[in-house]
Amino acid sequence: MALTRSLSHDPSDLARSTHGILSPIAFLFFVFGGIALRLLRTPHAVTIHGWWQAFSTVVLFVGFGCAVWLCQLPQKSGKFWLLRHSILGTVVTILMLVPLVLGWMQHDWFVKNRTQSWRGVWHMWMARLLILLGIVDGFLVGPSLVYAAVAGLTLIFYLGFLAVRGCLHLQNAAKERRELRSQTEMGPLGRAE
Ligand code: HEM
Ligand code: HEM
């Protein structure tokens with residue numbers, strides 16, 4: 001739908017198609033960037049993640065620019081701004097700058113202190129929430145089978161990934177607690193005291 005419209009010569013069709021393609025792609029990229037951080041086995045994983053997510057933010061803002069241009073067209077007389085889709089999308093897009101800054105702040109903190117901090121925790125949870133809200137926002141614009149299929153699969157995949165990671169994390173924490181308890185219950189010769 002968006003692709004066939006982008007072949008038309010009407011600039012508003014082109015802007016709508018570009019927006020409709022770039023905005024969902026930006027969120028797909030954000031999900032890839034989040035997963036890559038956890039799966040990449042290289043000391044540069046955080047730097048790769050940071051630059052990748054910064055690039056995805058640029059894609060998001062180009063899509064946003066097209067939407068803003070669309071919204072101010074006189075023939076729409078400001079009605080596009082009143083869509084739930086436009087309001088939630090604007091909030092999500094602007095708030096996305098916060099995790100972007102917090103991500104660099106946490107990286108900087110970690111290089112100096114080698115520890116986690118509130119910057120990392122806020123960065124992670126805010127980014128996850130905004131990614132989910134951004135994907136949900138695409139559903140508010142109207143029925144599109146292609147969007148529903150791609151966004152639905154992305155959501156299921158990302159939530160599944162987070163759930164599996166969460167379970168592994170809990171399992172490891174329980175194992176560490178058990179090991180610590182058995183160490184304190186054992187004497188120096190490895191026998192129970
Ligand atoms: C943040 C995530 C966003 C996503 C995932 C998203 C996604 C989409 C999609 C898939 C379409 C359909 C395009 C088509 O029919 O070819 C669309 C249309 C549209 N979007 Fe967004 N969008 C987002 C943010 C925004 C924002 C921030 C605004 C306003 C500033 C906005 C305003 C619009 C408008 C006006 C349309 C056309 C609606 C119509 O023709 O009825 N969107 N968007
Ligand atoms: C708006 C852009 C960004 C988004 C959407 C984003 C998204 C995310 C997400 C979703 C996670 C958690 C991964 C998971 O689900 O387990 C994460 C973690 C992280 N990100 Fe980003 N990120 C962004 C920019 C950055 C930047 C620029 C940096 C700086 C290098 C950065 C550094 C980190 C770090 C260090 C973590 C690990 C936090 C921890 O485990 O406590 N991020 N990011």
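Let's start with His19, which counts as buried because it has 22 C-beta neighbours inside 10 Å, and the cut-off for buried is 20 or more. Keep in mind, everyone, that this is a predicted model. His19 sits in helix H2. Which residues does His19 touch, once we leave out those up to four places away in sequence? They are Gly63, Cys66, Ala67 and Leu70. There is also a pairing with Phe61: the two C-alpha atoms are 9.6 Å apart in space, although His19 and Phe61 are 42 residues apart in sequence.

Now stay in helix H2 and go to Pro11, which is also found there. Is Pro11 buried or exposed? Pro11 counts as exposed, because it has 11 C-beta neighbours inside 10 Å, and exposed here means 12 or fewer. Even so, Pro11 has a partner from far along the chain: Leu70 is 59 residues away in sequence, and their C-alpha atoms are separated by 9.3 Å. You have met Leu70 already, as one of the residues that His19 touches.

Next, how the helices pack. Two packed helices are described by the angle between their axes and the distance between the axes. Take H2 and H6 as our opening pair: the angle is about 150° and the axes are 10 Å apart. That angle makes H2 roughly antiparallel to H6, since the label applies over 145 degrees. The crossing of H2 past H6 is left-handed. If you would like to find the contact on screen, look on H2 for Ser23, Pro24, Phe27, Phe30, Val31 and Gly34, and on H6 for Ala127, Ile131, Gly134, Ile135 and Gly138. By class, that contact holds 7 nonpolar and 4 polar residues, with no charged ones.

H6 has another partner to show you, and that is H4. At what angle do H4 and H6 cross? Roughly 155°, with the axes coming within 9 Å. H4 and H6 are therefore roughly antiparallel to each other, and H4 passes H6 in a left-handed crossing. On the H4 side the residues are His85, Leu88, Gly89, Val92 and Leu95, and they meet Leu130, Leu133, Gly134 and Asp137 in H6. This contact has 5 nonpolar, 3 polar and 1 charged residues. Notice Gly134, please: it is listed in the contact of H6 with H2 and again in the contact with H4.

With the helices in place, let's turn to the ligands. Ligand 1 has 26 residues around it, and those that come nearest are Gly20, Ser23, Ala67, Gly89 and Gly138. Which elements give two or more residues to that shell? H2, H3, helix H4 (84–95) and H6 do. H2 provides the largest share, with 7 residues. Sorted by class, the shell around ligand 1 has 13 nonpolar, 11 polar and 2 charged residues. A few of these names are familiar: Ser23 is in the contact of H2 with H6, Gly89 is in the contact of H4 with H6, and Ala67 touches His19.

Last stop, ligand 2. Here 25 residues form the surroundings, and the closest are Gly34, Gly50, Gly103, Gly120 and Ala127. Two or more residues each come from helix H2 (11–39), helix H3 (45–71), helix H5 (97–113) and helix H6 (118–139). The class split for this shell is 11 nonpolar, 12 polar and 2 charged. And Gly34 and Ala127 take us back to the packing story, as both belong to the contact between H2 and H6.

How values were computed
Residues numbered from 1 in each chain as written. Chains lettered and ligands numbered in written order. Predicted model: local features only at pLDDT ≥ 70, side-chain atom pairs only at ≥ 80, totals over all residues. Near = placed C-beta within 6 Å. Helix = DSSP H or I, 4+ residues; strand = E, 2+ residues; numbered from the N terminus. Nonpolar A, V, L, I, M, F, W, Y, C, P; charged D, E, K, R; others polar. Contact = placed C-beta atoms within 7 Å. Axes fitted to C-alpha atoms, helices over the stretch in contact; angles between N-to-C directions. Parallel < 35°, antiparallel > 145°, perpendicular 65-115°, else oblique. Left-handed = near helix turned anticlockwise from the far one by under 90°.
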